[in-house]
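Colleague: I have a few questions about this model before I set anything up on it. Please give the reasoning first and the value or name last.

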Amino acid sequence: MSELPRPMTFTPRNPEFEAVVRESFAKQNFLQIIGAELVEVLPGRSVIAVRRSDAIVQQQGLLHGAAIGAIGDVAGGYAALSLMPPDSEVVTVEYKINFVAPAKADRLVAIADVLRAGRTLSVCQIEVRAAAADGADLRSGPLIAILQATFSRVHLSTD
């Protein structure tokens, strides 16, 4: 996989951020149903991919907007979580999605980058792009959708 340009560099507050994100992803039953995979986790960045399947194709033969929104939302949440302190989780406060091209691809990737990481709220930008089935350069495919999302930290009780 080729290195993607990063808009900002962040220092994670939890040295175990990658393990935390991967453990959380493994518990996402909906993502398992649609066949999503966690491709990359870096401080302030997350990449999630999904392959075309009958389960996520709508009546016109395009990948369903709900699946596109789901991988974008979750990728943004994990980008935000990667910068949170230990004993944290995140929830989506809001997201806006613009669909800019039909999703005819064999594989989609959601590339999420944190734009601002606060103590409680984080704002992310997420690109959902068509990608080659062979895993070629993630940003080389056509832009399918773009999201801007806000995530809130939830402190996990240790009680």
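Colleague: How many of the 17 residues of α3 are buried?

Modeller: This is a predicted model. A residue counts as buried when its relative accessible area is under 20%. By that cut-off α3 is largely enclosed by the rest of the structure. The number of buried residues in α3 is 15 of the 17.

Colleague: How far apart are the end C-alpha atoms of α3?

Modeller: The expected span follows from 1.5 Å a residue, and for the 17 residues of α3 it comes to 24 Å. The distance in the model agrees with that expectation. The end C-alpha atoms of α3 are apart by 24 Å.

Colleague: What share of the residues in the protein chain is buried, and which elements does the chain contain?

Modeller: The chain has 159 residues, and the buried ones make up 47%. From the N terminus on, its elements run α-α-β-β-α-β-β-β-β. That comes to three helices and six strands.

Colleague: What is the order of the strands in the open sheet, and which strands stand at its edges?

Modeller: The sheet has six strands with antiparallel pairing, in the order β1-β2-β4-β5-β6-β3. Two of these strands have a single partner each, so one side of each is left without a neighbour in the sheet. From one strand to the next the twist averages 20°. The edge strands are β1 and β3.

Colleague: Which residue in β2 is the bridge partner of Glu-37?

Modeller: β1 covers residues 36–42, and five of its seven residues are buried, so β1 is largely enclosed by the rest of the structure. Six bridges join β1 to β2, residues 45–51, and the two run antiparallel. They form a hairpin with two residues between them, where Gly-44 in the turn has a positive phi of about 85°. The partner of Glu-37 in β2 is Ala-49.

Colleague: How many bridges join β5 to β6?

Modeller: β5 spans residues 121–131 and β6 spans residues 143–155, and the two strands run antiparallel. One of the pairs puts Leu-121 opposite Ser-152 of β6 as its bridge partner. The number of bridges joining β5 to β6 is nine.

Colleague: Where is Asp-87 found, and what is its phi?

Modeller: Most residues other than glycine have a negative phi. Asp-87 departs from that with a positive value. It is found in the loop between α3 and β3, and it is partly exposed, with a relative accessible area of 40%. The phi of Asp-87 is near 65°.

Colleague: Which element supplies the largest share of the lining of the largest pocket?

Modeller: This pocket holds about 210 Å³ of space and is lined by 14 residues, with Val-20, Glu-23, Ser-88, Glu-89 and Leu-156 nearest its centre. The lining divides into seven nonpolar, three polar and four charged residues. At least two lining residues come from each of α1 (17–26) and β3 (88–99). The largest share, four residues, comes from α1.

Colleague: How much space lies in the second largest pocket?

Modeller: Its lining includes Asp-73, Val-74, Gly-77, Tyr-78, Val-90 and Phe-151. α3 and β3 each supply at least two of the lining residues. By type, the lining divides into five nonpolar, four polar and two charged residues. The space in the second largest pocket is about 160 Å³.

Terms used
Residues numbered from 1 in each chain as written. Predicted model: local features only at pLDDT ≥ 70, side-chain atom pairs only at ≥ 80, totals over all residues. Heavy atoms only, no water. 1 Å grid on protein atoms, 1.4 Å probe; cavity = no way out; pocket = protein on both sides within 12 Å on 5 of 7 lines; lining within 4 Å. Points joined across faces, edges and corners; volume = space filled by probe spheres on them. Nonpolar A, V, L, I, M, F, W, Y, C, P; charged D, E, K, R; others polar. Buried < 20%, exposed > 50% of the residue type's maximum accessible area, 1.4 Å probe, protein only. Expected span 1.5 Å × (residues − 1). Pairing = 2+ DSSP bridges. Axes fitted to C-alpha atoms, helices over the stretch in contact; angles between N-to-C directions.
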